[in-house]
Amino acid sequence: MTTLAEPQVAPDRWSRWSDRLNPILVREVQQAVKGRLFTLSVLFALLVVVVIAIAVAGAENRSTEAGRNVFDAGLATLVPLVLFVVPMQAYQSMRLELRSGIVEQLLLSRLRPRAILAGKLTAALVQFVLYVSILAPLLATGYLLRGVDLPTIVVSLGFGLVFCVASTAAAISAAAQGTVPALAPVAQIAAAFGFGLLTFGMMTYIGSGEYVRDLGWMMRRAEFAAVASAMVLCAAAGAVLSSLTAQSFLLHAFENRSTGFRVFLFTLPLLAVGWMLACIEPMAWTAVLCGIVFAATLVGTLFGAFFWTEQKALSPRVRAHVPQQPLLALLAAPFLPGRDRGALCLLLYFALLAVPAALCWPVPGAHTFAPGIMVADERLGLLRMAAMTAAYAVIYLSIAKGLRSTMPAAVTGNHLARFVLPVVLLLFVLAPVLIDVLTRGGVRSWHIGHVMNPFWTIERFAWRPERGPVVGGLVGVAGLCVLLQVRSMLHGLREVQAASAQRRAALRRPDGDG
């Protein structure tokens with residue numbers, strides 16, 4: 001009896017591991033391989049390989065230039081496969097599953113949205129390997145003809161892999177946004193147009209031969225590691241952001257959709273500083289840090305438009321998962337959903353950026369004239385731009401938060417407030433211009449009526465230290481807005497503490513019923 005049962009142990013074990021590791025991966029790869037588009041893509045790639053192979057075999061002069069042309073042709077053929085075919089396959093797959101209700105059925109199982117998205121991205125990796133294997137003879141021929149070296153091939157394929165995953169993540173995110181009927185046609189047009197434009201541009205760039213020349217020139221420079229790592233980090237950050245966006249559309253309305261974005265926001269400047277310490281020379285750290293502070297402020301402003309317009313109260317699902325320990329609940333509160341806690345989260349983020357800004361604030365009277373190094377006035381102007389951007393962000397987001405409180409408490413109120421916010425900004429920008437045209441016959445110069453125009457005001461005053469009162473006034477108004485938000489932010493913290501206390505009280509009950 002034992003000998004009869006033993007042969008079934010290993011297959012069952014491997015079957016369970018396979019189902020646990022890659023159920024979405026297996027299904028996605030099978031659907032992609034069985035699709036008509038995959039067959040046509042493979043036939044097209046094979047046709048290109050055969051045509052180029054015949055041309056190379058019949059050529060009398062097999063020079064280095066011929067090898068480079070072969071590599072360019074192979075890489076240009078790979079571009080539409082990994083930047084258009086694979087992402088659009090993922091887009092159509094996600095869209096059909098959302099329409100037919102397959103995603104809802106998967107979510108009823110043990111699979112979480114994170115696992116579904118990971119399976120689809122892994123399937124994109126598998127398809128990338130398949131397409132590379134088809135075009136490998138062309139890439140190898142370019143190397144054998146001395147047209148390109150091995151590092152160029154490895155770096156090119158590495159960039160292709162990274163941008164294939166990032167494009168697929170963006171496509172999945174666009175398809176997930178189709179759950180909102182108003183966004184479905186916009187997402188489809190944007191995905192097709194964006195990937196098509198990107199594909200055409202890359203094919204033109206590679207096919208012209210400029211890509212290999214530029215890459216070879218860059219690889220011989222000391223800045224190559226910094227530039228390449230920055231590109232990979234930006235693509236990886238975009239893929240993570242796209243995955244978080246897709247996950248938020250797949251989750252139920254009562255689920256926690258906010259914590260991932262808030263943790264991601266705080267992670268970005270830390271990654272940027274780590275990249276700076278690892279890849280940038282110490283003498284340029286101050287200048288790069290100023291740029292990181294300004295860029296991080298812009299990113300935080302965009303995220304804040306969503307944080308400050310969320311629903312106010314915690315959902316029952318989120319309340320049931322608040323940390324039980326009072327200290328942990330207090331520390332986690334800014335990262336939990338709710339516009340009051342979102343306001344606190346963004347203010348803490350700006351406070352975090354104030355630390356590196358203070359470290360690279362120029363000392364009065366210090367001047368640096370070394371070539372390639374940002375002088376003190378330039379650093380001061382960049383930091384003033386960051387400060388003014390943060391001030392405008394707090395002012396406008398406070399207006400949006402106040403308007404959000406007058407809108408429906410449901411999720412539709414979130415979308416409405418996020419639509420109204422740019423409209424309010426546009427009104428503050430255009431109204432003074434129209435008044436000047438009607439009263440003065442035209443816009444001759446900046447005046448106090450344009451102070452709510454962040455673009456013109458920042459451009460005019462950030463680089464002129466003698467006009468500091470305007471900057472100080474903006475910071476003062478932003479500080480007043482923060483003071484007006486203190487009461488609501490404390491209410492958001494108390495709500496989390498109350499939910500934590502309810503969880504502790506439920507555990508103390510004899511029946512343990514909460």
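Contact, as the word is used in these legends to a predicted model, means heavy atoms within 4.5 Å.

**View 1. Surroundings of Phe-350 in the predicted model.** Once residues up to four places away in sequence are set aside, Phe-350 touches Thr-297 and Thr-301, and it also touches Ala-390, Ala-393 and Val-394. Phe-350 is also listed, together with Phe-307, Val-322, Tyr-349, Met-388, Leu-397 and Val-496, among the residues with the most contacts inside the largest nonpolar core.

**View 2. The largest nonpolar core, with its 66 residues.** Two or more residues of this core come from each of α11 (224-250), α12 (259-279), α13, α16 (339-359), α17 (376-404), α18 (411-440), α19 (454-461) and α20 (468-508). Of these contributions the most is given by α17, which supplies 14 residues. Another core, made up of 37 residues that include Leu-75, Val-79, Tyr-211 and Met-218, lies apart from it.

**View 3. Thr-309 in the loop between α13 (285-307) and α14 (316-319).** Thr-309 has a relative accessible area of 0% and is therefore classed as buried, the cut-off for that class being under 20%. When neighbours within four places in sequence are left aside, the residues in contact with Thr-309 are Arg-339, Ala-400, Arg-404, Asn-414, Ala-417 and Arg-418.

**View 4. Polar partners of the Thr-309 side chain, including Arg-418.** A polar atom of the side chain of Thr-309 lies 2.7 Å from the backbone oxygen of Ala-305, and the side chains of Thr-309 and Arg-418 are joined by a polar contact of 2.9 Å.

Conventions. Residues numbered from 1 in each chain as written. Predicted model: local features only at pLDDT ≥ 70, side-chain atom pairs only at ≥ 80, totals over all residues. Heavy atoms only, no water. Helix = DSSP H or I, 4+ residues; strand = E, 2+ residues; numbered from the N terminus. Buried < 20%, exposed > 50% of the residue type's maximum accessible area, 1.4 Å probe, protein only. Polar contact = N/O pair within 3.5 Å; in protein donor to acceptor, adjacent residues only side chain to side chain. Core = buried A, V, L, I, M, F, W, Y, C linked by side-chain atoms within 4.5 Å.
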